[in-house]
Amino acid sequence: MKTALLHIKNFLQSPHFKKYARRFGYFVAGCIVLVLILAGSLSFYFNRNKTEIIAKINTTINENINGQFHVGDFQYKFLTGFPNFTLALKEVELKDNQWKNHQHTLLKAKEIEVRLNIWSLLQNEINIHKILINDADIYVYKAENGYSNADIFKPKKKKSPADQSNTGTTIDQVDLNDVHFILDNRLGHKLFDFDVSSLKTKVEYDGDDWQTDVFLDTQIKSLAFNTKHGSFAKEKELRGTFNVAYSSEKEKINVVTRNLKIGTDSFDIIAFFNLAKGNALFGINIGTTILWQNASNVLSANISSKLNRFNLSKPIDVNCDIKGDFNAEGDPKIVVQAIIKDNELSIPDGLIKNCNFKGIFTNNFKPKDGYNDANSAIILTQFAGDYENIPLTIPQLSINNLNKPVATGNVSSDFEVERLNEISNDKWIQFTSGHAKANLKFQFDIVGLHIKKPRFIGKINVDDASFHYIPKNLHAIKTNIHLNFTEKALLIQEIAYKHNKNTIFIEGKIDNFLNLYYDAPEKMIVNWKIYCPNIDLKQFLGVLATSKKTKAIAKAGKRTTISNHLRTVIDKCLVVIDIKADKINYNKLTATHTTATVQMIDSKLVIKNGSLQTSGGSITFNSEVQPSGKNFAFSADAQVKRVDIASFLRSFNNFGVTSFNPGNIKGKLSSQANVTGFINGNGSLITNSMHGNLTFNVKQGALLNFEPIVKIGKFAFPFRDVKNITFSDLSGILKLRGEQIDVNDFTISSSVLNLDAAGIYSFGRGTNLALTIPLRNSKNDINLATQAERDAVRERGLVLHLNAVDDEGKMKIKWGKKGKEK
């Protein structure tokens with residue numbers, strides 16, 4: 001290494017090297033002197049021929065314009081652009097002939113630097129090698145009548161074949177620095193506004209054709225294809241290189257650019273622009289991989305304002321195709337296509353995970369209806385995703401008319417019903433098992449970008465579902481539900497509801513379901529047909545339990561969820577049930593052949609035209625039951641026909657009466673009752689809670705060991721069998737007042753005695769009954785032919801007037817009529 005350095009040092013210091021270095025220095029110095037001489041000669045030439053050169057430039061420009069060209073000053077730039085002749089035009093203005101009408105100057109520049117080919121100039125030709133425009137404003141204006149200030153340039157005359165070889169005026173290179181460019185097309189409502197920091201281009205000619213690579217660095221102030229809707233890429237920086245080619249035969253410019261930066265994102269663009277007179281067609285195709293929000297912010301305000309309500313978390317592949325006419329009014333044709341894979345879609349109504357689909361936007365859905373929002377559509381194909389954990393598949397979804405958007409399509413889903421628990425934010429229903437399948441044709445409005453009034457036609461099948469309906473504390477196990485949505489009604493089919501040991505088969509129908517569900521749920525009538533082979537009625541009283549209703553405080557901007565709306569509809573709608581049961585058990589009552597029409601209004605149960613057979617007879621009734629705190633208030637209008645009185649009383653726990661039991665009485669009971677009362681949460685009648693009117697009649701009856709009669713018998717009839725009394729008439733008219741009963745008419749015609757009672761009978765304290773008892777033996781009265789004959793002999797002989805009164809909780813018999821004790 002040291003040896004090599006030593007050789008180099010010795011070579012540089014050698015006389016031979018110094019000789020050639022000296023000669024090279026003379027050569028360089030000579031070149032510099034030559035350049036200075038030539039540059040000085042050019043400066044001398046300009047100063048000597050300045051007037052002629054300026055005249056040639058003015059002549060060249062004026063030959064090609066219809067307007068006014070003004071230059072404040074001309075300067076020759078020494079050595080700049082050598083060997084070309086560089087001329088600086090100061091304070092340049094270019095105006096068309098109608099400038100006074102529209103006041104828009106086509107070009108206003110502080111400096112335009114023109115580099116002329118020196119050899120062409122010496123031959124009296126203007127060949128512009130390069131133009132540099134610095135600190136300028138360019139305003140291209142087109143009026144509503146079609147006039148443009150750019151029409152200042154005269155069209156070129158076509159050359160004859162003999163002139164094809166002649167050299168024309170050409171511009172090889174153009175540079176722009178700090179240029180504000182505006183294209184204001186009032187006819188087409190278009191506004192392009194750019195702050196050009198730098199534009200550089202070098203043109204290569206092939207006859208009348210040319211091509212160039214244009215480097216552009218600009219700030220987009222406006223890129224509005226329709227000024228009514230706003231600008232694309234507003235306030236975005238645009239930077240990149242464009243490959244531009246012009247075809248003179250087609251009068252068309254083609255533009256291609258790769259990795260063009262708009263903001264922070266890269267775009268590939270292919271475009272064309274027709275320049276022929278009367279043909280201003282253009283087409284722009286843009287491709288990119290971009291985040292949703294970034295893509296939205298590149299679009300015009302009328303589009304981005306809607307798209308910003310949505311979002312996709314991962315970048316998407318997008319292709320946008322824009323075609324239009326610069327002279328046409330309104331929007332160009334816009335078609336946007338996007339591929340979404342394994343993404344997460346945010347929409348105003350929720351979040352869709354694991355999202356895959358192809359999306360298409362067009363503003364020309366029907367080709368003959370123009371390019372506008374009313375004729376715009378968003379089309380999604382092969383859509384798949386999980387909406388609030390529910391898997392959805394939509395082969396095609398179309399959203400038409402973006403002024404009043406309407407979405408249509410088909411949706412299918414197949415999932416375990418436990419996933420529904422995540423939809424109910426207020427946890428009013430909880431699923432523990434089951435499987436659901438849905439296949440629906442849907443249509444819904446989009447208002448404020450929210451789904452509004454979705455309408456479905458199709459089927460939803462739920463099998464083996466187990467759930468807990470929390471407001472009613474209702475549990476269901478292995479329940480099947482098949483829903484069929486038609487245009488006129490919702491059909492609810494093949495429901496097999498299992499609860500404890502009970503199985504209920506249910507079918508339902510809701511007419512005009514789709515309209516009433518949203519607009520008037522209180523008018524919705526749910527018609528059920530229920531068949532029960534065997535049911536324990538007490539187990540179902542929980543259905544009527546009081547729901548815990550909380551008043552939702554409406555927060556600003558908070559939407560009503562599907563779950564909340566469904567619960568509201570359930571609370572408001574009217575439910576009508578036609579029920580048929582082979583066997584019903586209620587406490588000790590067993591009823592068969594039961595039919596009824598049941599209405600559920602809010603939390604109230606209304607039973608109409610009820611009919612059942614029990615205790616050897618029949619009962620028809622109308623009733624209402626509704627929650628009252630922890631209990632249930634009921635009212636009933638019932639007719640009882642020839643039921644076994646002992647069995648009937650035993651079924652209802654003797655209605656709370658403790659002074660006798662069902663074993664004290666026999667016979668066939670017929671009764672008319674209009675009563676109210678309370679039932680506890682276990683389904684048992686609350687003692688002494690009944691109010692109302694009751695009439696009854698017992699045929700073929702007997703009183704067995706009835707304590708009040710036995711006491712009277714021992715006192716008044718010691719020789720008669722008062723423990724076993726058969727009677728031909730046992731009837732009464734009673735008014736129930738809770739613990740007390742007003743006995744208005746109580747009549748006994750028996751084998752031992754006749755008895756009439758009136759007054760108050762109490763289940764607790766306060767009994768005060770007036771008893772009228774004829775002492776004659778009535779054993780043979782039944783043999784009398786008519787009731788009139790029996791009435792005529794009823795009170796013959798001695799008659800006892802007694803009072804049965806309360807005495808410190810015990811019944812005491814006293815002489816005398818009521819109020820006149822003896």
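Two strands are taken to pair if DSSP finds at least two bridges between them. Helices (H or I, at least four residues) and strands (E, at least two) are DSSP runs, numbered from the N terminus. The structure is a predicted model, in which local features need pLDDT of at least 70 and side-chain atom pairs count only at pLDDT 80 or more, whereas totals for chains, interfaces and linings use all residues. Residues are numbered from 1 along each chain as its sequence is written, and side-chain values use heavy atoms, with hydrogens and water left out.

The chain holds 11 helices and 39 strands. Of its 822 residues, 43% are buried, where buried denotes under 20% relative accessible area, exposed over 50%, and partly exposed the range in between (1.4 Å probe, protein chains only). The accessible surface of the chain is about 44600 Å², and carbon and sulfur atoms contribute 55% of that surface; such areas come from the Shrake-Rupley method with a 1.4 Å probe, and for residues only the protein chains shown count as cover. Among the contacts (heavy atoms within 4.5 Å) in the chain with a separation of 6 or more, 52% are between residues 24 or more positions apart.

Strand β34 spans residues 740-750 and has a pairing partner in both β33 and β35. Strand β33 (residues 724-737) runs antiparallel to β34, with 10 bridges between the two. One of the bridge partnerships joins Asp729 to Ser749 in β34. In the hairpin of these strands, 2 residues lie between β33 and β34, and Gly738 adopts a positive phi near 75 degrees. On pairing with β35 (residues 754-762), β34 is again antiparallel, here over 8 bridges. Val743 has Gly759 of β35 as its bridge partner, and the hairpin of β34 and β35 has 3 residues between the strands. Because 9 of its 11 residues are buried, β34 is largely enclosed by the rest of the structure.

Asp742 is located in β34 and is buried, its relative accessible area being 16%. When neighbours within four places in sequence are set aside, Asp742 contacts Ile733, Leu734, Lys735, Arg737, Gly759 and Ile760. The side chain of Asp742 also forms a salt bridge with that of Arg737 at 2.9 Å, N to O, a salt bridge being a side-chain nitrogen of Lys or Arg within 4 Å of a carboxyl oxygen of Asp or Glu. Arg737, at 32% relative accessibility, is partly exposed.

By the salt-bridge rule, 12 such pairs are counted. Side chains of opposite charge can pair when their charged atoms come close. Asp217 and Arg239 form one of these salt bridges, with an N to O distance of 2.7 Å. Asp217 belongs to strand β7 (residues 209-224) and Arg239 to strand β8 (residues 236-247), so the pair ties together parts that are 22 residues apart in sequence. Asp217 is buried at 12% relative accessibility, whereas Arg239 is partly exposed, with a relative accessible area of 40%.

A further salt bridge joins the side chains of Asp806 and Arg765 (2.7 Å, N to O). This pair links distant parts of the chain, 41 residues apart: Asp806 is in strand β37 (residues 799-807), and Arg765 is in the loop between β35 and β36 (768-774). Asp806 is partly exposed at 23% relative accessibility, and Arg765 is partly exposed at 47%. Elsewhere, Asp195, Lys221 and Glu235 are joined into one network by salt bridges that share partners.
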